[in-house]
Amino acid sequence: MFNFNRKGDTEFYDLFLESAQFFYQGSLLMDEVMVDHRKADIKVKEINDIEHKADRVNDRIIDKLNQTFITPIDREDIYAIANGLDDGVDLLQGILQRIVIYHTGEAREGAIRLTKLLIECTQKIIRVLELLPEISKNQDELLSLTSKVSKLESEGDHIFRSELAYLFAQVKDPIELIKRKDLLEDLEDTLDHCEKMADLLRGVVMKYA
């Protein structure tokens with residue numbers, strides 16, 4: 001049955017925040033493994049649990065979307081934000097699983113720095129979602145935050161290229177090279193995803209401010 005009134009519309013924003021928190025928690029888990037690779041097996045179990053919780057939140061958003069006639073922002077924006085946040089958790093889950101499968105061992109400084117950037121990006125995405133219910137009032141801060149995510153992703157690109165150059169110059173074992181390269185690419189892809197989320201949210205701000 002459709003809900004025709006806007007009284008419960010804040011639930012969408014609450015669910016976005018809940019989902020974004022899972023993305024952030026996954027980034028923290030990733031950082032723990034980068035700092036101490038011996039925690040990988042335990043942290044994979046934790047990320048699997050987080051991923052299941054994130055899926056349930058995403059299902060709740062989609063269910064509410066299907067039952068709500070008037071939404072606070074366009075339906076396609078709600079759908080894109082929900083799936084984007086859920087996809088971020090999936091990306092982190094995939095990286096941690098690959099670390100366990102590959103037995104990558106101790107991470108190099110470049111990989112650790114990329115993970116720190118992921119933590120910063122997910123923190124800023126959370127802050128954007130906290131401010132999103134009052135777009136006009138918070139327009140300047142919202143645009144500043146999304147811009148900062150893009151700058152962090154650009155910083156990650158520089159780290160990625162520098163670390164990749166080091167690997168090809170210094171790592172002689174081709175299997176080890178593949179392991180390290182894949183890990184770097186996965187981390188860089190997740191930072192790219194953060195920038196895509198920031199771009200999406202910036203678009204929402206510009207549409208409704």
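Tutor: A disulfide is a pair of cysteine sulfur atoms within 2.5 Å. The model discussed here is predicted.

Student: How many disulfides does a search of the whole structure find?

Tutor: The cut-off for a pair of cysteine sulfur atoms is 2.5 Å. Cysteine 121 is in no disulfide. The number found in a search of the whole structure is 0.

Student: Why is the sulfur of cysteine 194 not in a bond with the closest cysteine sulfur?

Tutor: Cysteine 194 is buried, at a relative accessible area of 0%, and cysteine 121 also counts as buried, at 0% relative accessibility. The closest cysteine sulfur to that of cysteine 194 belongs to cysteine 121. The two are too far apart for a bond, because the distance is 4.6 Å.

Student: Which helix supplies the largest share of the largest nonpolar core?

Tutor: This core has 64 residues, and Phe16, Ile81, Leu85, Ile99, Leu129 and Leu187 touch the most other members. At least two residues come from each of H1 (10-35), H2 (40-67), H3 (75-102), H4 (109-131), H5 (139-170) and H6 (174-208). The largest share is 12 residues, and the helix that gives them is H1.

Student: Which residues are in contact with leucine 85, leaving aside its neighbours within four places in sequence?

Tutor: Leu85 is among the core residues that touch the most other members. Contact here means heavy atoms within 4.5 Å. With those sequence neighbours left aside, the contacts of leucine 85 are Phe16, Ser19, Ala20, Phe23, Ile125, Leu129 and Met197.

Student: Which element gives the most residues to the lining of the largest cavity?

Tutor: The largest cavity holds about 60 Å³ of space. Its lining consists of Ala107, Arg108, Ala111, Glu163, Leu167, Arg180, Leu183 and Leu184. By class these are 5 nonpolar, no polar and 3 charged residues. H5 and H6 each supply at least two of the lining residues, and the most, 3 residues, come from H6.

Student: How many charged residues are in the lining of the second largest cavity?

Tutor: The search of the whole structure finds 2 cavities of 30 Å³ or more, and the second largest has a volume of about 30 Å³. Val33, Met34, Ile99, Thr104, Gly105, Ala107, Arg180 and Leu183 line this cavity, with H1 and H6 as the elements that give two or more residues. By class the lining has 5 nonpolar and 2 polar residues, and the number of charged residues is 1.

How values were computed: Residues are numbered from 1 along each chain as its sequence is written. This is a predicted model: local features need pLDDT of at least 70, side-chain atom pairs count only at pLDDT 80 or more; totals for chains, interfaces and linings use all residues. Side-chain values use heavy atoms; hydrogens and water are left out. A nonpolar core is a set of buried Ala, Val, Leu, Ile, Met, Phe, Trp, Tyr and Cys residues joined through side-chain atoms within 4.5 Å. Buried means under 20% relative accessible area, exposed over 50%, partly exposed in between (1.4 Å probe, protein chains only). Helices (H or I, at least four residues) and strands (E, at least two) are DSSP runs, numbered from the N terminus. On a 1 Å grid over the protein atoms alone, a cavity is a set of points where a 1.4 Å probe fits but cannot get out, and a pocket is an open set with protein on both sides within 12 Å along at least five of seven lines; lining residues have an atom within 4 Å of a point. Grid points are joined across faces, edges and corners, and a volume is the space filled by probe spheres set on the points. Ala, Val, Leu, Ile, Met, Phe, Trp, Tyr, Cys and Pro count as nonpolar, Asp, Glu, Lys and Arg as charged, and the others, Gly among them, as polar.
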